[in-house]
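Biologist: I am new to this structure and would like a close look at one part of it. Please start there, then work outward to the rest of the chain.

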Amino acid sequence: MAEDEMQCWECNGRYSYKMADFSVYGISLGKFRAKVCNKCGDKVFSEEVSDQMDKIAKQRGLWGLEAKTKIGKVGNALDVKINTKIAKFCDLKKGREVSVRPEGKNRILIEVVAA
Ligand SMILES: [Zn+2]
C-alpha cells in the first residue's frame, strides 16, 4: 500500500487496517477487513471484500429491498404503499401497528410497534 493511500481525503487522518462492522438495512453482515480513519472513522473496503459482502447480503435476502413509491390519498390522509418484499422482510401485515414520525423534512421513519 502506497503511503498516500493511507491518508484520509476527508480529514487528513491516518488509515490503519482493522476489522470493521458492516450493516445492510440495519442488519450486521459481520466484521470485514477495512482501512479505518483514526480521526473521522471513514471505512474503506477493498473491491474483493465488497464483493464478498454483496454475496452475503444476497444470501441473507438483504438485497434490493429499497423501492420507489408514490404517495397516495385516502380520504383526507395520505398513504404510502409498502411492497411485498419489504413487508415480508419486516413481517408486516394489514392491521399491524406502526409508529410514523418525521426525522427532518425529507425523511419519515416507520417503526413497527412491538406486539
Ligand atoms: Zn478521516
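My question is about helix H1 (residues 47–59): what should its 13 residues span at 1.5 Å a residue, and how far apart are its end C-alpha atoms?

Modeller: First, a caution: this is a predicted model. Now the helix. At 1.5 Å a residue, the 13 residues of H1 should span 18 Å. The rule takes 1.5 Å times one less than the number of residues. The end C-alpha atoms of H1 are 18 Å apart, so the expected span and the model agree. Just after H1 comes Gly-61, with a positive phi of about 70 degrees.

Where does H1 sit in the chain? The chain holds 2 helices and 7 strands. Their order along the sequence is β-β-β-α-β-β-α-β-β. The chain is divided into two domains, with domain 1 covering 3–59 and domain 2 covering 71–112. The centres of the two domains, taken over C-alpha atoms, lie 31 Å apart.

Next, the sheet of S1, S2 and S3. This open sheet has 3 strands, ordered S1-S2-S3, and the pairing is antiparallel. Strand S1 (15–24) and strand S3 (43–44) are at the edges with a single partner strand each, so each has one side without a neighbour in the sheet. S2 and S3 are joined by 2 bridges in the antiparallel sense. In one of the pairings, Lys-35 has Val-44 in S3 as its bridge partner.

The loop between S2 and S3 contains Cys-40. Is Cys-40 buried or exposed? Cys-40 counts as exposed, because it has 12 C-beta neighbours inside 10 Å and the cut-off for exposed is 12 or fewer. Beyond its neighbours within four places in sequence, Cys-40 still makes contacts: its partners are Cys-8, Glu-10, Cys-11 and Gly-13. Lys-55 is another matter. It lies 15 residues from Cys-40 along the chain, and their C-alpha atoms are separated by 28 Å.

Now move past H1. Lys-68 lies in the loop between H1 and S4. Lys-68 is exposed, with 5 other C-beta atoms within 10 Å. From Lys-68 to Val-100 is 32 residues in sequence, and 18 Å in space from C-alpha to C-alpha.

After that loop comes a hairpin. Strand S4 (residues 71–74) and strand S5 (residues 77–80) run antiparallel and are joined by 4 bridges. Val-74 has Ala-77 in S5 as its bridge partner. The hairpin has 2 residues between the strands, and Gly-75 there takes a positive phi near 60 degrees.

Step back to the whole chain. Its radius of gyration is 19 Å, whereas a compact globule of 115 residues would have one near 13 Å. The C-alpha trace spans about 60 × 35 × 25 Å along its principal axes. Buried residues come to 1% of the 115 residues. Of the contacts with a separation of 6 or more, 29% are between residues 24 or more positions apart.

Last, confidence. The mean pLDDT of the chain is 92, and 96% of the residues reach 70 or more. Among the elements, strand S2 (residues 27–37) has the highest mean pLDDT, 96, and helix H2 (residues 84–89) has the lowest, 90.

Technical notes. Residues numbered from 1 in each chain as written. Predicted model: local features only at pLDDT ≥ 70, side-chain atom pairs only at ≥ 80, totals over all residues. Rg over C-alpha atoms; globule rule 2.2 N^0.38 Å. Buried ≥ 20, exposed ≤ 12 C-beta atoms within 10 Å, placed from the backbone. Contact = placed C-beta atoms within 7 Å. Domains from an automatic or database assignment. pLDDT = per-residue confidence, 0-100. Pairing = 2+ DSSP bridges.
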